[in-house]
Amino acid sequence: MAIDRELRVQKIKEGIVIDHLRAGTALKILEMLGITGKEGYIITVAMNVPSQKLGTKDIIKIEGRYLSPSEVSKIALIAPKVTLNVIKDYQVVRKERLILPEEIVGIIKCSNPTCITNHEPQVQSKFLVLSREPLKIKCKYCETIMNQEEVFRRLS
Ligand code: CTP
Ligand code: ZN
């Protein structure tokens, strides 16, 4: 029977499920969250699993760990269309479909070393999102354009 052949990843009791991640991005997300595995959280990572919506996807389940608003914003930056599920007592108590806003404030630093945002601590970085996929953002102060790769490198 098909049922004997299917491996279902266990449901979790408390924590978060980051679902519908673009295939191959799960490790980058963990790295960005500063999670190495040494913290002791029970973590399940599934990569390149079949998905009806995406073809293939990655999923991360972390027990007993929640996300700060700035962590959520960073995830939205590199993983558009991700679904963030908050689990309490085995139930999904919150489901948030992340979308990248048109403007990104204060989450990443401009790649231009002479940009005012890298010299004046009171000036927050501000980027305009030119394209979501592939990601392309433009600094509102110096107009430097950063692509997905550059943004990735500056996140962790
Ligand atoms: N999940 C879990 N532990 C729970 C409840 C849910 O690990 N106690 C996981 C599910 O395996 C799934 C995700 O959290 O990967 C979202 O659960 P649910 O909303 O029940 O699934 P769907 O309706 O398929 O979600 P979506 O519509 O977002 O695809
Ligand atoms: Zn700049």
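This briefing describes the fold, the zinc site, the salt bridges and the ligand 1 surroundings of a single chain.

The structure is a predicted model, and its chain has 156 residues, of which buried residues make up 39%. Its secondary structure comes to four helices and nine strands, and the C-alpha trace spans about 60 × 30 × 25 Å along its principal axes. The chain carries a tetrahedral site for the zinc ion (ligand 2), while 13 residues surround ligand 1, and seven salt bridges are found in the structure.

**Overall fold**

- Followed along the sequence, the helices and strands of the chain give the pattern α-β-α-β-β-α-β-β-β-β-β-β-α.
- Phe127 belongs to strand E7, which covers residues 126-131, and Phe127 counts as buried because its relative accessible area is 0%, under the 20% limit for that class.
- Although Phe127 and Ser73 are 54 residues apart along the chain, their C-alpha atoms are separated by 13 Å.
- Val129 is also a residue of strand E7, and with a relative accessible area of 14% Val129 is buried.
- Between Val129 and Gln10, which are 119 residues apart in sequence, the C-alpha to C-alpha distance is 37 Å.

**The zinc site**

- The zinc ion (ligand 2) has as its protein donors the SG atoms of Cys110, Cys115, Cys139 and Cys142, which lie 2.3 to 2.4 Å from the ion.
- The angles among the four donor atoms run from 100 to 115°, and the site of the zinc ion (ligand 2) is tetrahedral; for comparison, the ideal angle for four tetrahedral donors is 109.5 degrees.
- Along the chain, the donors of the zinc ion (ligand 2) follow the spacing C-x4-C-x23-C-x2-C.
- Two of these donor residues can be described by their accessibility: Cys139 counts as buried because its relative accessibility is 1%, whereas Cys142, with a relative accessible area of 26%, is partly exposed.

**Salt bridges**

- Among the seven salt bridges of the structure is the one in which the side chains of Lys57 and Asp19 meet, with an N to O distance of 2.8 Å.
- This pair links distant parts of the chain, since Lys57 lies in strand E3 (residues 55-63) and Asp19 in strand E1 (residues 15-22), 38 residues apart.
- Both partners of this bridge are buried, Lys57 at 12% relative accessibility and Asp19 with a relative accessible area of 14%.
- Glu31 and Lys28 form a further salt bridge, in which the closest N and O atoms are 3.7 Å apart.
- Glu31 and Lys28 both lie in helix H2 (residues 26-32), where they are three residues apart, or about one turn of the helix.
- The partners in helix H2 fall into separate accessibility classes, because Glu31 has a relative accessible area of 44% and is partly exposed, while Lys28 has a relative accessible area of 18% and is buried.
- Glu71 forms a salt bridge with Arg65, with 3.0 Å between the closest N and O atoms; Glu71 counts as buried at 18% relative accessibility, and Arg65 is buried with a relative accessible area of 12%.
- Arg22, Lys81 and Glu133 are linked to one another in a network of salt bridges.

**Surroundings of ligand 1**

- Of the 13 residues around ligand 1, those that come nearest are Ile12, His20, Lys61, Tyr90 and Lys95.
- Strands contribute to this shell, with E1, strand E4 (83-88) and strand E5 (91-97) each supplying at least two of its residues.
- Tyr90 approaches ligand 1 through its backbone, an N or O atom of which lies 2.7 Å from a nitrogen atom of the ligand.
- Lys95 approaches through its side chain instead, with a polar atom 2.7 Å from an oxygen atom of ligand 1.
- Asp19, which also meets Lys57 in a salt bridge, has a polar side-chain atom 3.4 Å from an oxygen atom of ligand 1.
- Ligand 1 on its own has 600 Å² of accessible area, and the protein covers 69% of that area.

Terms used
Residues are numbered from 1 along each chain as its sequence is written. Chains are lettered from A and ligands numbered from 1 in the order in which they are written. This is a predicted model: local features need pLDDT of at least 70, side-chain atom pairs count only at pLDDT 80 or more; totals for chains, interfaces and linings use all residues. Side-chain values use heavy atoms; hydrogens and water are left out. Donors are N, O and S atoms within 2.8 Å of the metal (3.2 Å for Na, K and Ca); water is not among the atoms, so sites may look incomplete. Four donors count as tetrahedral if all angles lie between 85 and 135 degrees; four count as square planar and six as octahedral if opposite donors are over 155 degrees apart and all others between 65 and 115; anything else is irregular. Buried means under 20% relative accessible area, exposed over 50%, partly exposed in between (1.4 Å probe, protein chains only). A salt bridge is a side-chain nitrogen of Lys or Arg within 4 Å of a carboxyl oxygen of Asp or Glu. A residue is near a molecule or strand if one of its heavy atoms lies within 4 Å of it. A polar contact is a pair of N or O atoms within 3.5 Å; within protein, one must be able to donate a hydrogen and the other to accept it, and residues adjacent in sequence count only if both atoms are side-chain atoms. Accessible areas come from the Shrake-Rupley method with a 1.4 Å probe; for residues, only the protein chains shown count as cover.
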